[in-house]
Amino acid sequence: MTARAPFSHLLVRNGTLAAGPLRARCAVGRAGITSHKREGDGATPRGTFRLLAALYRPDRLPRPVTSLPLTAIDPNAGWCDDPADRNYNRAVRLPYQARHENLWRTDHLYDVVVVLDYNIDPVVPGAGSAIFLHLGHKDFAPTSGCIVVSLETMRQLLPRLSRETMVEVR
């Protein structure tokens with residue numbers, strides 16, 4: 001089997017994720033796409049972002065094949081979404097005193113997560129946190145600001161994603 005070239009660009013627009021010849025259904029934030037993302041607004045940030053890393057649940061999925069830095073998550077994995085906290089928009093270990101998301105979810109949405117380079121360096125408090133590409137519900141319900149795809153789409157994407165891949169949301 002011949003290895004396929006990595007995707008250099010993913011485009012998210014009008015409920016579709018396009019990567020090379022791949023076209024797949026996706027969903028974004030319940031408030032649509034915005035150029036002025038704020039914490040808790042339910043919108044997906046407009047722009048072009050690098051892919052930083054992938055996280056996965058080893059109890060649910062085999063180790064994914066990807067060129068992205070890959071981390072297995074566990075029940076103590078969290079992500080701080082409290083703008084007043086020094087670890088805002090960073091991975092944290094649970095229990096954690098400030099407001100946060102638990103990455104070890106029961107609903108399968110975070111079985112595979114790709115971290116986007118949104119509000120990471122530098123972090124701007126209140127500009128939005130935990131902007132990921134992750135798995136969606138079967139009905140592709142809108143998110144709190146992330147981009148979601150099916151497990152099958154994620155399986156097609158991961159082997160062709162790298163730190164050089166850019167995702168454009170418009």
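Leu51 is placed in strand β6, which covers residues 47-56, and this residue of the predicted model is a convenient place from which to enter the structure. With a relative accessibility of 0%, Leu51 counts as buried, because the term applies to anything under 20% relative accessible area. Leaving aside residues up to four places away in sequence, Leu51 touches Leu10, Leu68, Val114, Val115, Leu116, Leu161, Ser162, Arg163, Thr165 and Val167. One of these contacts, Ser162, is 111 residues away from Leu51 along the sequence, yet the two C-alpha atoms are 7.0 Å apart in space.

That contact leads to a description of the chain as a whole. The protein chain has 14 strands and one helix. Among its contacts between residues at least 6 apart in sequence, 59% join residues that are at least 24 apart. For 170 residues, a compact globule would be expected to have a radius of gyration near 15 Å, and the protein chain, with 15 Å, agrees with that expectation. The C-alpha trace spans about 50 × 35 × 30 Å along its principal axes, and buried residues account for 51% of the 170 residues. The accessible surface of the chain amounts to about 8600 Å², and carbon and sulfur atoms hold 51% of that area. As for charge, there are 22 positive and 16 negative charges, and the mean positions of these two sets lie 5 Å apart.

The strand pairing may be followed from β1, which comprises residues 9-13 and pairs in the parallel sense with β14, residues 166-169, over four bridges. Within this pairing, Leu11 has Glu168 of β14 as its bridge partner. β1 also pairs with β2, residues 16-19, but here the sense is antiparallel and there are three bridges, with Arg13 and Thr16 of β2 as bridge partners. The hairpin formed by β1 and β2 has two residues between its strands, and in this hairpin Asn14 takes a positive phi near 55°.

A further set of pairings involves β11, β12 and β13. Strand β11, residues 112-116, runs antiparallel to β12, residues 132-135, and three bridges join them; in this arrangement Val113 stands opposite His134 of β12. β12 in turn pairs with β13, residues 147-149, in the parallel sense, again over three bridges, and Leu135 has Val149 in β13 as its bridge partner. Val114, Val115 and Leu116 are among the residues that Leu51 touches, and β11 spans residues 112-116, which returns the reader to the starting point.

Backbone geometry adds further detail to the loops. As a general background, most residues other than glycine have a negative phi, and most peptide bonds are trans. In the loop between β11 and β12, where Asn119 is found, this residue has a positive phi of about 55° although it is not a glycine. Asn119 counts as buried because its relative accessibility is 10%. The loop between β11 and β12 also contains Pro122, which is joined to Asp121 by a cis peptide bond with an omega of about 5°.

A second asparagine with a positive phi in a loop is Asn89, whose phi is near 60° and which lies between β8 and β9. Asn89 counts as buried, with a relative accessibility of 1%. The loop between β9 (91-93) and β10 (100-102) holds Pro95, and the peptide bond joining Leu94 and Pro95 is cis, with omega at about 0°.

Leu94 also appears in the surroundings of Ala77, a residue of strand β8, which covers residues 77-80. Beyond residues up to four places away in sequence, Ala77 touches Val92, Arg93, Leu94, Glu101, Asn102, Leu103 and Trp104. Ala77 and Arg93 are 16 residues apart along the chain, and their C-alpha atoms are separated by 5.2 Å. Ala77 is buried, with a relative accessible area of 7%, as is Leu51 at 0% relative accessibility.

Notes
Residues are numbered from 1 along each chain as its sequence is written. This is a predicted model: local features need pLDDT of at least 70, side-chain atom pairs count only at pLDDT 80 or more; totals for chains, interfaces and linings use all residues. Side-chain values use heavy atoms; hydrogens and water are left out. The radius of gyration is taken over C-alpha atoms; the globule rule is 2.2 Å times the number of residues to the power 0.38. Buried means under 20% relative accessible area, exposed over 50%, partly exposed in between (1.4 Å probe, protein chains only). Contact means heavy atoms within 4.5 Å. Accessible areas come from the Shrake-Rupley method with a 1.4 Å probe; for residues, only the protein chains shown count as cover. Lys and Arg count as positive and Asp and Glu as negative; His and the chain ends are not counted. The place of a charge is taken as NZ of Lys, CZ of Arg, CG of Asp or CD of Glu. Two strands pair if DSSP finds at least two bridges between them.
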